[in-house]
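These notebook entries record what I looked up, one topic at a time. The chain and its fold are displayed first.

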Amino acid sequence: MLQEKSMSKIYGELALLLAVCINSLGVVLMLYSGAGISAISSVPFAFSEVLPHLSLGTWTYLFQGLLILSLMILRKRFVPQYLCSFLVGFVFSELLDVHEAWIEILPTALPWKFLYFAISYLLICIGIALSNRCGLPIIPTDLFPRELSQITAVGYPKIKIGFDVTCLAVTAGLTLLFLHRLDGLGIGTILAAFTMGKGVGIIGNWMDCRFQFVSVLANKLTWFKPL
């Protein structure tokens with residue numbers, strides 16, 4: 001009890017806003033680094049390359065809609081919180097297109113690209129850790145491994161790594177089949193896929209020792225709370 005009182009409070013609404021902003025930047029920055037796109041956006045990226053009539057942002061919220069539908073099927077019921085998650089994911093998807101519009105002003109020398117990858121990796125880990133603690137519906141690509149971990153009773157790091165690796169396998173299959181090359185996948189993508197689950201866990205544990213997350217909306221609207 002004393003430990004909780006000594007912790008700094010962070011509003012879940014602010015945590016979610018930060019998570020959406022920094023995750024969208026992290027995804028685009030990782031792609032711009034040349035090390036490959038993050039696993040959570042690799043499948044929409046593959047579709048945007050194979051079928052370029054739709055933007056990366058549009059393919060992202062279509063993919064997120066599929067994840068939401070999959071979770072409802074697994075739970076065998078309609079879950080209103082998941083629809084709120086889809087709306088948050090829509091904002092995230094639009095921000096991807098916004099960041100893509102300005103990102104090319106950044107320098108492209110090799111040392112900068114190493115820095116971009118390191119920053120993007122850290123941003124995505126922090127964003128996912130914030131999302132998992134905000135107490136509100138979060139973007140579907142972050143929601144899916146968290147909810148699947150709860151449904152299957154398998155540890156989050158294992159589920160997260162499995163989800164990322166599956167996304168990479170689908171991306172590799174799509175780009176090889178239709179483009180006859182691996183597109184969007186690099187050493188950074190592989191590294192992130194196999195380690196990001198652990199990275200999110202470490203950052204999350206650090207947050208748990210220092211911050212207490214409270215949500216105004218989740219307290220007022222019972223149906224708005226995550227499961």
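I began with the term helix: helices are DSSP runs of H or I with at least four residues, numbered from the N terminus. By that numbering, I placed Leu18 in helix 2. I note at the outset that I am reading a predicted model.

Entry on Leu18 and its surroundings. I asked whether Leu18 is buried, partly exposed or exposed. Its relative accessible area is 41%, and partly exposed is the class between 20% and 50%, so I entered Leu18 as partly exposed. I then looked for a surface patch that includes Leu18, and I found a nonpolar one of about 480 Å². Tyr11, Leu14, Leu17, Leu18 and Val216 make this patch. Which helix gives the largest share of the nonpolar patch? I recorded helix 2, residues 12–32, with three residues.

Entry on helix 3 and helix 8. I looked up how helix 3 (residues 39–50) lies against helix 8 (residues 156–179). Their axes come within 8 Å and cross at roughly 15 degrees. Angles under 35 degrees count as roughly parallel, so I described helix 3 as roughly parallel to helix 8. For the hand of this crossing, I wrote down left-handed.

Entry on helix 7 and helix 8. I turned next to helix 7, which spans residues 140–152. The axes of helix 7 and helix 8 come within 9 Å, and I noted a crossing angle of roughly 130 degrees. That angle falls in neither the perpendicular range of 65 to 115 degrees nor the antiparallel range over 145, so I entered helix 7 and helix 8 as oblique to each other. The crossing of helix 7 and helix 8 is right-handed.

Entry on Phe144. I found Phe144 in helix 7. Is Phe144 buried or exposed? Its relative accessible area is 11%, and buried means under 20%, so I listed Phe144 as buried. I also checked Phe144 against Ile190, which is 46 residues apart from it along the chain. The C-alpha atoms of Phe144 and Ile190 are separated by 20 Å.

Entry on Ala101. I located Ala101 in helix 5, residues 80–102. With a relative accessible area of 68%, Ala101 is over the 50% cut-off, and I therefore classed Ala101 as exposed. Finally, I looked up Ala101 together with His53, 48 residues apart along the chain. I recorded a separation of 17 Å between their C-alpha atoms.

Notes:
Residues numbered from 1 in each chain as written. Predicted model: local features only at pLDDT ≥ 70, side-chain atom pairs only at ≥ 80, totals over all residues. Heavy atoms only, no water. Patch = residues over 30% accessible without salt bridge, like charges linked within 9 Å, V, L, I, M, F, W, Y side chains within 5 Å. Areas by Shrake-Rupley, 256 points an atom, 1.4 Å probe, with all protein chains shown as cover. Salt bridge = Lys/Arg side-chain N within 4 Å of Asp/Glu carboxyl O. Helix = DSSP H or I, 4+ residues; strand = E, 2+ residues; numbered from the N terminus. Buried < 20%, exposed > 50% of the residue type's maximum accessible area, 1.4 Å probe, protein only. Axes fitted to C-alpha atoms, helices over the stretch in contact; angles between N-to-C directions. Left-handed = near helix turned anticlockwise from the far one by under 90°.
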